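Let's take a look at this structure together. Here it is, followed by a short tour of a few spots worth finding on your screen.

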Amino acid sequence: MAILDVQGVCKDFGGLRALNQVNLQVREGSVHAIIGPNGAGKSTLLNCFVGRLKPDTGSVTFNGKSLLGINPHEINQAGVARVFQTPEIFADLSLIENVKIPAFAKRDGAFRLDLWSRTDSHAEVRDHAEAVLEDVGLADKRHMHAGSLSRGDKRRLELAMCLVQDPKLLLLDEPTAGMSRADTNATIDLLQRIGERGITKIVIEHDMTVVFTLAHTISVMAQGAVIAEGEPEAIKGNPRVQEAYLGGAHL
Amino acid sequence: MSAATVDTLRRGNAAASVPAGDTASSRSDHIKFAVFAIAVLTMPVWLSPIGAGYPDLVQKFAIFGIFAIGFNILFGLTGYLSFGHAAFLGVGSYAAVWSFKLLTMNVVPAMIFGVLASGVFALLIGYVSLRRTGIYFSILTLAFAQMSYNLAYSVLTPITNGETGLQLALHDPRVLDGPAEAGLPTTTLFGMETIGYPGFYVCAVMLIVAYYVAMRITRSPFGMTLRAIKSNQNRMNYTGFNTRPYTLAAFVISGMYAGLAGSLMAVVDPLAGAERMQWTASGEVVLMTILGGTGTLLGPVLGAGIIKYFENIFSAFNDQVLGRIFDFLPEVLQNLMVTLVHPFVGEGWHLTLGVVFMLIVIFLPGGVMEGIGRISARISRSRSNRSS
Amino acid sequence: MDALVLQALNGLDKGGAYALIALGLTLIFGTLGVVNFAHGALFMLGAFCAVTMQKILTLSKQIEDTSVTFFKAFKEVPYLEIWLGDTGRMLIDYSVPIAILLTIPFMLLVGLVMERGLVQFFYKRSHAEQILVTFGLAIVIQEIIKSVFGANPIPTPAPDVVSGSADVGAWIGFGDGLYYPYWRLIYLGFSLTIIGAVFAFLRFTTFGMVVRAGMQDRETVGLLGIDVQRRFTIVFGIAAVVAGLAGMMYTPILPPDYHMGMDFLVLSFVVVVVGGMGSLEGAVLAGFLLGILQSFASMNEVKAIIPGIDQIIVYLVAVVVLQVRPRGLLGRRGVMEG
């Protein structure tokens, strides 16, 4: 059963077709990788899922509910969380606050006027946030400014901010870009561990090790269209993929 | 707005490297609050050695302290820079004076009406202005404040009494007080006159309440949410927050603070004029907040106090006073010093204000509070060096 | 109909001043990314260049007044009149236009010093901090002017020849009764000339092309190995000169005082925002538009229908425009919204 169902999505930017009749079904509980050369439309597609962009035509259905024309915060409240290509965190706040904030959003909804209680009196939020920080290996830095973290740690923090919400669908836009080999491996480990919780994930990635280690299904995009889809082994051997994506070289 | 503020904050907190809202324990907050309350109530005592202990001035410290605390709830927490906050100050004053004219000279209903009126006004202006961010927001608030100011002088004269300002009159109904005796009545707190020092104590208690409420807000999930909006509004949307009602709530609360300050102005001196709404008055509260330390609890109060002190004491300096100050110097030097200092005092105190303000923004973006933080960090470092 | 034309003309000269200030603000914002709250102070400094020139030209000497015979009387006679006679008198009469000799170099100097001495340190800081520091500078500048020239407006008349009114009605075939001060016409022509010159400079010179490219995409232009920074410094100087000239020429219309800069600044910022931050055409368009609207709103017929509209029209337009077109009339997406 598809938790995310994308049908015939098109998006033009001033005459340039960024997405062309994209169809995509993401199975619940699976890790679905989207790969493709730069400018293939991967990030544009992701933006259509979270309400940053509105497709010109087509439909995006999540859990039986259309995601088109509703606000980003409503999409998140429906259970979609996103990790960005450049980490989007609260640089002025401490790590623990960075994680508490999404936890409050999950618990209290999109708006709640709680002016009077002390933030640290909400023990269950604090405990949950600390547990997730522990999970991603940032527990000992929890009182540091998020802005002073290394790039790899920022990505991990952003992941923690998504995980604390227990999303139904997690969108990861190049979660290992710019990371060292060791950091990349650590991230793969982490993603595999959270895979066990059954969170559906869509991963955009250039690092093929990451893709082939994690993904159950791979969609290949080129020039705004999905040109191939299948299990990793099938994709590896697909000549059209090698043509479009690798210019004929072997994987 | 955020990238540089980050730098500021990081520099400001370099010593502790811990954000303010996070670790401060409930206990240390309450100790600070108690110290603050005592300091405020005893202002007439400890400020008299520097010539600032008289009622007129300590009243101003308290009133503008409230104004600045409220402004900081918007600007310090959410980063939205309003250039129209004086409008709410003015609305609070008008509402309070009307309460004195129509209902009673008791200050409690006057303050309630002042706060409510400015709250409603802030809700309207905020609803429209907060649809935009950045400088567009600033200009929208400025536009609304200027409209209010201009209208107060023209078509709204029946409510504002135009250039003369709204004043008490003998024939005012004052339905709750009954007919006035001879002469204009004074403001009261359930029968006790509230001018002079009693007036100050009304303001001081309100300042303490205002500080306490601001402290609770800062430490609450709401306050943390506001700081997160300042830090990265984009992330907030993808984190499931509807940010508009949060910023609107902050705007309204901050407008109500301004309304309270405005009504207290009417409490200590029952008249209201449109000049309170001019954009320069909005600019002044920005200066106070920055000078003291944006985003801190105490900073805005300090900033308000410093500016009002300069305004009242500094501007009274003249050449004779200066001559006495530099009396210890040889006459040539004395005259030289008087000539050099002259443009900065008396009529020229605004020049000093401008210079000090520029220096603060350039070198000490965290304001006086950052300065205090740096100094105390240095002291504790040298102390720990000595002990090791 | 006559009244409408007259109001339109009235709006155009004020609109010209708004447009010139807004143009400079936009140039600075577009190239340097800096919100300059001291731009009104530059306008005011230009006006005081005219005052200074007038003071210099009328430097006087006390000589015995021979027309008074009862006692020994003295009168002040300007040196120029003593040395050059009628020519001297004429020079004094023309002190406002002559002030251009002072205004251009002085404003250029002020602009360069301001950019090198202060503004350059604020490129990387937030717009709020830029606003605050330039706001502080504006206070400092206006207080200095106040302590030198006093707090009262200083009359600086236009030359005698153009002090009357032109029969505009006859020129455009509307019949009698449509008189309009010469100097305001001159101001309108002057502002259009300056606007034209700035646009031509940006369009037809290499320097201007680099600046325009830099306004579009600063980093790329920097990567081309062009010293964008130095050019942008010069742009700041140009913007200062434009504001200064606008202020200098405005003195016969409005006797300058120390806070005229702030008054114009607030309106000019509204103009810039209505036009769209970063759009030069938008700044000019909105400047004239708001000038004319303000002038129409102050007609008695209009005020009779909507009382007080003249007091708020500019701000009201700003609010409406920003609700309908979030980035102003001609603004680009993503500018100044952080």
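## A loop residue in chain A

Keep in mind that this is a predicted model. Start with A:Gln223, which counts as partly exposed because it has 15 C-beta neighbours inside 10 Å; to be called buried, a residue needs 20 or more, and to be called exposed, 12 or fewer.

To find A:Gln223, go to the loop between strand 9 (217-222) and strand 10 (225-230) of chain A. What about its backbone? Phi of A:Gln223 is positive, near 45°, even though the residue isn't a glycine. That's worth a second look, because most residues other than glycine have a negative phi.

## A loop residue in chain B

Now hop over to chain B, where B:Asn161 sits in the loop between helix 9 (157-160) and strand 1 (166-167). B:Asn161 isn't a glycine either, yet its phi is positive, at about 60°.

Is B:Asn161 buried, exposed or partly exposed? It is partly exposed, because 19 other C-beta atoms lie within 10 Å.

## Where the chains touch

How many residues of each chain are in contact with the other chain? For chain A it's 35, and for chain B it's 34. On the chain A side, helix 2 (72-77) and helix 3 (95-108) each chip in with at least two residues. Helix 3 of chain A gives the most to this side, with seven residues.

As for the kinds of residues, the side of chain A that touches chain B has 18 nonpolar, 10 polar and seven charged ones.

Key
Residues numbered from 1 in each chain as written. Chains lettered and ligands numbered in written order. Predicted model: local features only at pLDDT ≥ 70, side-chain atom pairs only at ≥ 80, totals over all residues. Helix = DSSP H or I, 4+ residues; strand = E, 2+ residues; numbered from the N terminus. Contact = placed C-beta atoms within 7 Å. Nonpolar A, V, L, I, M, F, W, Y, C, P; charged D, E, K, R; others polar.
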